[in-house]
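Here's a quick briefing on how the side chains pack in this one. Have a look at the model, then read on.

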Amino acid sequence: LLQELDISGCLVVADALNCQKETAKTIVKGKGDYLLSVKGNQPTLMNDIQEYIQDNQLREDMETQRKQEKNRDRIEIRTAYVTTDTEWLAQKKEWKGLTCVGAIHTQFQTGEKKISEWHYYISSRPLTALELLHHARMEWTVESMHWLLDVHYGEDYLRVVNRTIQENLNLLRKF
């Protein structure tokens with residue numbers, strides 16, 4: 001399906017499920033760029049990026065951007081780190097066009113409860129820390145909509161065959 005889309009000049013942002021070497025290759029072949037979330041399905045890549053970014057000295061040399069938001073009773077601080085220095089990454093040649101590595105450290109506070117999470121990324125486009133924050137946030141927005149449609153409305157389990165009915169039901173759920 002990805003091969004059929006005109007992605008020339010676009011940044012394709014995808015979750016960890018799509019963090020695959022073939023996906024990266026297909027996107028670059030289509031003259032697009034990728035921003036892929038790296039998680040446990042690519043354990044060696046994730047561990048290498050995690051080790052690099054968790055090194056305080058190395059992280060000091062990375063471009064950094066921080067955003068804080070308050071949403072109802074929750075305070076969220078997101079700090080992005082990016083580098084285009086990717087020569088240290090052993091798997092670099094395996095990921096077509098890889099030029100940028102980044103991470104977002106997210107901290108939530110609701111009352112007394114504090115949560116801290118790290119998210120790791122690879123990209124074929126050299127991104128600024130602000131761009132990483134923006135594109136990752138937009139991907140999270142899509143994921144939260146999909147979660148809502150799947151969990152509350154069971155959309156992934158819908159077995160309606162007629163395409164028009166599928167589209168109408170999807171629109172009604174979103175409305």
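Y81, W118 and Y120 come together as one aromatic cluster. Keep in mind that this is a predicted model. A search through the whole structure turns up three aromatic pairs, and the notes below start with two stacked ones before moving on to the nonpolar cores.

**The aromatic cluster**

- Y81 and W118 count as stacked because their ring centres are 5.8 Å apart and their planes meet at 25°, with stacking set at under 30 degrees.
- That pair ties together distant parts of the chain: Y81 belongs to strand β4 (residues 74-83) and W118 to strand β6, 37 residues apart.
- W118 also pairs with Y120, with ring centres 6.3 Å apart and planes at just 5°, so this pair is stacked too.
- How buried or exposed is each ring residue? Y81 is buried at 12% relative accessible area, and Y120 is buried as well, at 4%.
- W118, on the other hand, is partly exposed, because its relative accessibility of 24% is not under the 20% that buried requires.

**Around Y81 and strand β4**

- R59 places its charged end over the ring of Y81, 5.4 Å from the ring centre.
- T79 is also found in strand β4, and with a relative accessible area of 7% it counts as buried.
- Leaving out residues up to four places away in sequence, T79 touches T64, Q65 and R66, along with A103, I104 and H105.

**The largest nonpolar core**

- This core has 23 residues, and the ones touching the most other members are Y34, L36, V38, I49, I53, W95 and I122.
- Which elements supply at least two residues each? They are β1 (11-14), α1 (21-29), β2 (33-38), α2 (43-54), β5 (100-110) and β6 (113-123).
- Of these, α2 gives the most to the core, with five residues.
- I49 is one of those well-connected members; not counting residues up to four places away in sequence, I49 touches V38, W88, L89, V101, G102, Y120, Y121 and I122.
- Y120 turns up in that list, and Y120 is also part of the aromatic cluster with Y81 and W118.

**A second core**

- Apart from the largest core there is another one, made of twelve residues, including L11, L127, A129 and L132.

Note on methods
Residues numbered from 1 in each chain as written. Predicted model: local features only at pLDDT ≥ 70, side-chain atom pairs only at ≥ 80, totals over all residues. Heavy atoms only, no water. Core = buried A, V, L, I, M, F, W, Y, C linked by side-chain atoms within 4.5 Å. Buried < 20%, exposed > 50% of the residue type's maximum accessible area, 1.4 Å probe, protein only. Helix = DSSP H or I, 4+ residues; strand = E, 2+ residues; numbered from the N terminus. Contact = heavy atoms within 4.5 Å. Phe/Tyr/Trp six-rings, centres within 6.5 Å; stacked < 30°, edge-to-face > 60°. Lys NZ or Arg CZ within 6 Å of the ring centre and 35° of its normal.
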